[in-house]
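Subject: Structure for your review

Dear colleague,

Please find the structure below, handed over for your own work. A written account of the findings comes directly after it.

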Amino acid sequence: MTTWLAALKDLHTTAIPAVLVTVATIQGSTPREAGARMVFTADGQYDTIGGGHLEWRAAQIARDMLNADPAVFSGTRKFERIALGPSLGQCCGGVVFLAFERIDQHSDARTGAMLTELEHHWRNGVDVWRAVALESNDPTLLYELEGEACDLSAPDNGLDAAMFRNAGTTHVTQDRYGRRWLLDRCRAHQPQVVLFGAGHVGAAIVRVLATLPCRVLWVDEREDMFPPDLPMQVTVEATDVPNAVVDLAEPGAYFLVMTHSHALDQQLSERILKREDIGWYGLIGSYTKRKQFEHRLLDRGITQEQLNKMTCPIGIPGIYGKEPASIAIAVVAQLMQLWELQAPKAQQPQQLDSAGTFKARLATHMLDGRS
């Protein structure tokens, strides 16, 4: 699946007009959460806001915007309330509020810089807010979440730090002048998965992970094993010293080891288990392989407490197929279970920052035209 951001960057580069649709806020039961996004062009669509008649109605509105006579429709944004009841043929019973943004070469001269900055944050695992004026065509602004103070250095636009500080996710608010804004929290691809091995199973796992909110550092000695045109959240490290990459991983990273060599697997296992800050470690193999590695690693000074952090075999119970796709599904499901355990805490507004502090500031590339 092509993500909304990757689609927008490609479309903007090729000068193809598009409409970004964001689930701005919800009431009751709905197919997707606030912050879900989808991109529509005249003849295509990317990502999803939930499918069904909701998506069909969103596509209809978006393409009307793309086809509108500029003399009749001069705006680039719309805000629509869509009830998921009998009239739409869906029985969810909730209400979805959708924000529509036409994005092309003429809608905003700073669009390219904004998309580049979003990608930069995405790759580096940093959340960022998009502030979109719903009742004007003012440029979209980007605000980071970090630090202690608040520095809104943009021209006076009626926004203040409390609007970001007290919000955990995408929502619609009013500024102090009564104008409505979409404050869209673009969550970065987190956490980091460090995968050693570019064989069939490794490639299958990366294909699945590329559709999920995570960042992948993919490591192998054989450069020719990596496929071209990888998604933006996948970074390749072709190196003769894969052991050194272990030390470069972020604190809390999730490690997967499945190289072409058991000897290398053992070396990587030792190095990973010596780190005290790993999020999780999975080693491909059987129970027999685990026992062999346990004996060898204990002989090399790894403690039983450290060995307890090693998961081998990997994958959720109940999926026993040996095909690369079957293993990939089982392993990624296991990772998702771990991430879901962390999700409720991460979504709490008071935990936007591990230090309990907050800073909303314009992103590195000033999008109001000033440096």
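The following paragraphs set out what was found, from the chain as a whole down to single residues.

**The chain as a whole**

Please note at the outset that this is a predicted model. The chain contains 10 helices and 16 strands. Of its 371 residues, 49% count as buried. The exposed surface of the chain comes to about 17700 Å², and carbon and sulfur atoms supply 51% of that area. Where contacts join residues at least 6 apart in sequence, 61% of them join residues at least 24 apart.

The structure holds 0 disulfides. Two cysteines may nevertheless be of interest to you. C214 has a relative accessibility of 0% and therefore counts as buried. C312 has a relative accessible area of 5%, so C312 is buried as well.

**An open sheet of five strands**

One sheet is open and consists of 5 strands in the order β3-β2-β1-β5-β4, with antiparallel pairing. The edges are taken by β3 (45–47) and β4 (77–83); each has a single partner strand, and therefore one side of each is left without a neighbour in the sheet. On average, neighbouring strands of this sheet are turned by 25° against each other, direction ignored.

Within the sheet, strand β1 (residues 18–27) pairs with strand β5 (residues 95–103) in the antiparallel sense, over 9 bridges. As a point of reference for this pairing, V23 stands opposite L98 in β5. In general terms, strands of a sheet pair through backbone hydrogen bonds, either parallel or antiparallel.

**Strand β6 and its partner**

Strand β6 deserves separate mention. Because 6 of the 6 residues of β6 are buried, this strand is largely enclosed by the rest of the structure. V128, R130 and V132 point one way from β6, while W129, A131 and A133 point the other way, and all are buried. Strands β6 and β9 run antiparallel and are joined by 6 bridges. In this pairing, V132 has L182 of β9 as its bridge partner.

**Salt bridges**

Side chains of opposite charge can pair when their charged atoms come close. The count for this structure comes to 20 salt bridges. Three pairs and one network are described here.

The first to be described is the salt bridge of R185 with D127, in which the closest N and O atoms are 2.8 Å apart. This pair links distant parts of the chain: R185 belongs to strand β9 (residues 180–186), whereas D127 is in the loop between α3 (111–123) and β6 (128–133), and 58 residues separate them. With buried defined as under 20% relative accessible area, the accessibility of 6% places R185 among the buried residues. D127, at 13% relative accessibility, counts as buried too.

R215 forms a salt bridge with E250, with the closest N and O atoms 2.9 Å apart. Here too the pair links distant parts of the chain, since R215 lies in strand β11 (residues 215–220) and E250 in the loop between α6 (242–248) and β13 (254–257), 35 residues apart. R215 is buried, its relative accessible area being 7%, whereas E250 counts as partly exposed at 29% relative accessibility.

E270 and K274 form a salt bridge as well, and their closest N and O atoms are 3.2 Å apart. Both residues lie in helix α7, 4 residues apart, which is about one turn of the helix. E270 counts as buried at 12% relative accessibility, while K274 is partly exposed, with a relative accessible area of 48%.

Beyond these pairs, R37, E101, R130 and D184 are linked in a network of salt bridges. R130 is also one of the buried residues of β6 named above.

**A buried glutamine in helix α7**

Which residues are in contact with Q266, leaving aside its neighbours within four places in sequence? The contacts are F293, R296, L297 and R300. Q266 itself lies in helix α7 (residues 262–274). Its relative accessible area is 15%, and Q266 is therefore buried.

Yours sincerely

How values were computed. Residues numbered from 1 in each chain as written. Predicted model: local features only at pLDDT ≥ 70, side-chain atom pairs only at ≥ 80, totals over all residues. Heavy atoms only, no water. Pairing = 2+ DSSP bridges. Helix = DSSP H or I, 4+ residues; strand = E, 2+ residues; numbered from the N terminus. Axes fitted to C-alpha atoms, helices over the stretch in contact; angles between N-to-C directions. Buried < 20%, exposed > 50% of the residue type's maximum accessible area, 1.4 Å probe, protein only. Contact = heavy atoms within 4.5 Å. Areas by Shrake-Rupley, 256 points an atom, 1.4 Å probe, with all protein chains shown as cover. Disulfide = S-S within 2.5 Å. Salt bridge = Lys/Arg side-chain N within 4 Å of Asp/Glu carboxyl O.
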